[in-house]
Amino acid sequence: MRNRPMSLTRTLIALVASTVMLIAAVAAAWSYIESNHELEELFDAELAQSTRVIQGLVHHLASTGSPEQLSGILQQTLQLPEGALDEGDYDEVLPDGTGHKYEKKLAFEVWTPEGTPLLDTLAANDDLALKPGYAWAEATGFQWRTFTLQDPQTGYWIRTAQREDIRQELSQELAMGNIFPLLIALPLLVVAVAVAIQLGFQPLRKLEQPVRHMAPERIHPLNTQHAPREVSGLVMAVNGLLERLDDALERERRFSADAAHELRTPLTALRLNLEKLEATDPAKFRELTAAVDRMGHLVEQMLLLSRVDAGVGFSPEYVNLSDIVAQSIADVSPLALRKGIEPSLEDPIGQAMVSGQAALLNTLMRSLLANAIQYSPEDTRIDTHLAADGGGFRIRICDQGPGIPADQRDKALGRFGRLDQRLGSGAGLGLAISRRIAELHGGELILEDRPDGQPGLCVNIWLPVRTPA
């Protein structure tokens with residue numbers, strides 16, 4: 001399996017998104033811990049403040065009454081209401097507005113200077129030493145955070161307690177309230193990063209399109225004005241490479257055309273002299289004459305390929321592809337009849353109009369049909385089918401010859417790509433010329449097996465209705 005190339009866009013999105021998520025996770029954890037810590041300190045401060053409020057009440061009552069009266073007043077004012085002691089279905093506010101159900105999560109204790117309890121709504125399971133400051137106590141199956149102080153004037157001890165579960169509940173709710181917006185914004189931020197990276201690579205995609213659709217006969221430099229500064233050096237290097245490649249292709253085309261053109265005159269003279277000699281002794285000079293004919297055919301093909309490569313005189317117009325295919329079959333029929341081959345045409349359309357050059361399309365069809373006849377055994381069939389296909393028309397030419405193995409078809413479509421020198425007398429340029437003509441018309445040419453599974457080869461040509469500029 002071929003390894004897929006690495007995607008720079010996906011890599012950047014993955015790196016940036018993972019970095020953002022990691023930083024966001026660290027920030028969320030830090031915010032959660034800090035929020036919990038600050039809220040714990042706030043609850044401790046409120047606990048101390050509540051204790052000092054009770055201290056003020058105790059100080060006032062102790063100066064105006066006896067301990068018994070102080071205990072009764074404290075019981076009346078600080079004892080929890082009945083409704084707060086159960087888990088009812090009511091809202092947080094008790095019925096008739098008598099209080100709040102969270103009051104049961106607050107408790108108060110008051111002792112005389114001698115340690116006699118005057119108020120105990122905590123009912124702790126263990127005895128805590130009476131000493132000032134914060135501590136933890138266990139009561140009614142819960143952990144309680146306590147704060148104790150002694151009134152310096154009256155000597156009374158006051159303790160206020162708060163259940164740990166309500167502290168944790170409120171801390172977590174407030175901490176999550178700080179983190180929740182970050183959790184909501186994080187996916188949006190990742191999407192925004194992905195979109196921003198995609199937009200940032202748009203200039204590179206604009207540079208890719210001209211290279212992807214650049215034809216060998218129309219090589220031109222890339223527009224450096226659209227290139228980002230980071231890749232401007234690469235674009236300039238590619239432009240230099242394209243310029244050198246264009247020069248090399250132009251020299252190759254010029255050499256092929258000049259060589260073929262220069263060979264035409266001596267070959268013509270040689271052919272005329274051989275005709276005179278062949279008239280005196282046909283058996284002796286027949287093979288030599290055939291070799292000169294093959295060389296002349298090769299020269300003509302090289303000239304045709306040179307003209308097709310350069311696109312010289314290519315001026316497309318709307319032509320009837322059905323007529324061209326039918327005429328091409330008629331042109332090669334005498335060659336097919338010599339081998340007893342029956343060419344057939346299936347054209348349900350009849351008016352397959354395409355934008356192209358009739359002479360080149362006729363050359364394309366005749367070359368492919370002649371090639372199929374040359375490699376087909378005697379007394380076989382060559383079937384040609386024309387049909388509409390995806391905004392254009394597809395021509396399929398199937399023979400019953402030896403075929404071409406799938407791993408050698410690219411080589412067969414190349415120039416001078418003769419696979420078996422013992423078969424045929426061509427130079428290996430027919431398929432290359434045909435494919436180049438199809439490409440010049442904006443189409444494609446591929447080689448396939450016969451759809452019926454029989455031995456042979458099918459040549460598929462697809463031509464669009466309109467030739468691209």
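Here's a quick tour of one disulfide, one pair of helices and one buried residue in this predicted model.

Some ground rules. Residues are numbered from 1 along each chain as its sequence is written, and side-chain values use heavy atoms, with hydrogens and water left out. As this is a predicted model, local features need pLDDT of at least 70 and side-chain atom pairs count only at pLDDT 80 or more, while totals for chains, interfaces and linings use all residues.

Okay, the disulfide. A disulfide is a covalent bond between the sulfur atoms of two cysteines, and here we call one when a pair of cysteine sulfur atoms sits within 2.5 Å. That rule gives one disulfide: Cys398 with Cys458, sulfurs 2.0 Å apart. It ties together distant parts of the chain, with Cys398 in strand E10 (residues 392–398) and Cys458 in strand E12 (residues 458–464), 60 residues apart. Strands are DSSP runs (E, at least two residues), as are helices (H or I, at least four), numbered from the N terminus. Both cysteines are buried, meaning under 20% relative accessible area with a 1.4 Å probe, protein chains only.

Next, which residues of H3 and H4 meet? Gln198, Leu199 and Gly200 in H3 meet Gln202, Pro203 and Arg205 in H4.

Last one: is Asn239 buried or exposed (exposed being over 50%, partly exposed in between)? Asn239 is buried, at a relative accessible area of 12%. You'll find Asn239 in helix H5 (residues 232–280). Leaving aside neighbours within four places in sequence, Asn239 is in contact (heavy atoms within 4.5 Å) with Pro221, Leu222 and Thr224.

Technical notes
Axes are lines fitted to C-alpha atoms, for helices over the stretch in contact, and angles run from 0 to 180 degrees between N-to-C directions.
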